[in-house]
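Biologist: Could you take me through one helix of this model closely, and then show me how the part around it sits in the whole chain? I would like the cut-offs spelled out as you go.

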Amino acid sequence: MQFFKLYHNIEEYYDIKRRINKPKWTQRTTNFVNFFMSLFLKDISNELKNVCAIDMHVHTAYSHCCFDPIEKTLIEANKRGLSGICIMDHHTTEGYKKALEIKPMLIEKGYLKNDFIIIPGIEYSTKDGHVGGLFCEKDIYFKKYSAKETVDQIHQMGGMAICVHPYRKKTGIKDLSKELTFDGVEEEAGSIFKKKYAILNKQITKDFNSAKFGSSDAHFYSFLGSCYTVFPEGTKTLEDIKEAILNKKTIAKESQNIKIIRNILGN
Ligand SMILES: [Zn+2]
Ligand SMILES: [Zn+2]
């Protein structure tokens, strides 16, 4: 989709300024998508009440393919009743850093709850497909390494390797996901719109010996929380998050909205 490909070469892809200063028409188009989806999607805040629900894979304007201002992403995540989000932009943590910078201002203005959790993540494009990394400070260059080499590098830098949307048609690593050592896997993957692939994804990943995640992989704020992860009661800090993942204490959930999204976009 041309909309997502606003770059012509790898230098432009990696140009963060270019990512955040996108042409005006992209904002108008993204506003339209969010408006259109709002006609169908339900308020899920009741569903998320009383649990620590975190959307473990969210894109911000710091991804080349997401067009909502980062403030909007945070405000809307909070509005939906999420307790936090993991910012997993493509090959950068600049969006995560910006989110931390503006968090106090958003709390002060009442747009964000005091204890809203923001988790650092990166989505890496490997030779085999997409692989997620949590708590990773460094980039692993675009499509230079295999999924296995990427998982090893994530672990070497002290991060957690996440198997994102493994059975997504174009960018999932498919059956390779069974062979690698992941700390977490997207059992409920909101970016798999086609029902048959979503079912396959769930069937295969439910037997994985790693923490299970629900993630929207939202590129538009309207998709936030379509799938989410329930963390143990009392989860407050990044250390709590790490511990829950290591002890596999997470539960992957899909909200009623993912069914609506798949009916509209997936078939
Ligand atoms: Zn992806
Ligand atoms: Zn993604």
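Modeller: What follows begins with helix H5 and its partner, and then moves outward to the core and the chain. This is a predicted model, in which local features need pLDDT of at least 70 and side-chain atom pairs count only at pLDDT 80 or more, while totals for chains, interfaces and linings use all residues. Residues are numbered from 1 along each chain as its sequence is written, and chains are lettered from A and ligands numbered from 1 in the order in which they are written.

Helices (H or I, at least four residues) and strands (E, at least two) are DSSP runs numbered from the N terminus. Helix H5 covers residues 70–79 and helix H6 covers residues 94–108, and their axes come within 10 Å and cross at roughly 65°; these axes are lines fitted to C-alpha atoms, for helices over the stretch in contact, with angles running from 0 to 180 degrees between N-to-C directions. The crossing of H5 past H6 is right-handed, a term used if the near helix is turned clockwise from the far one, whereas a left-handed crossing has it turned anticlockwise by less than a right angle. On the H5 side the contact is formed by Ile70, Glu71, Leu74 and Ile75, and on the H6 side by Gly95, Lys98, Ala99, Ile102 and Leu106, where contact requires C-beta atoms, placed from the backbone, to lie within 7 Å. By kind, the residues of this contact are six nonpolar, one polar and two charged; here Ala, Val, Leu, Ile, Met, Phe, Trp, Tyr, Cys and Pro count as nonpolar, Asp, Glu, Lys and Arg as charged, and the others, Gly among them, as polar.

Within H5, the buried residues are Ile70, Thr73, Leu74, Glu76, Ala77 and Asn78. A residue is buried if 20 or more other C-beta atoms lie within 10 Å of its own, exposed if 12 or fewer, and partly exposed in between, with C-beta atoms placed from the backbone. The cover over the buried residues of H5 includes S1, strand S2 (84–90) and H6. Just after H5, Gly81 has a positive phi of about 95°.

S1 leads on to the core. The largest nonpolar core holds 59 residues, and Ile54, Leu82, Cys86 and Ile162 have the most contacts inside it; such a core is a set of buried Ala, Val, Leu, Ile, Met, Phe, Trp, Tyr and Cys residues joined through C-beta atoms within 7 Å. Strand S1 (residues 52–58) supplies the largest share of this core, five residues. In the loop between helix H4 (45–48) and S1 lies Asn50, which has a positive phi of about 70° although it is not a glycine, and Asn50 counts as exposed because it has 9 C-beta neighbours inside 10 Å.

Elsewhere in the core, Ile162 touches Gly132, Gly133, Leu134, Phe182, Asp183, Gly184 and Phe213, leaving out residues up to four places away in sequence.

As for the whole, the chain has ten helices and nine strands, and buried residues make up 46% of its 267 residues. The radius of gyration of the chain is 17 Å, which agrees with the value near 18 Å for a compact globule of 267 residues; this radius is taken over C-alpha atoms, and the globule rule is 2.2 Å times the number of residues to the power 0.38. The C-alpha trace spans about 45 × 45 × 40 Å along its principal axes.

Conventions. Contact = placed C-beta atoms within 7 Å.
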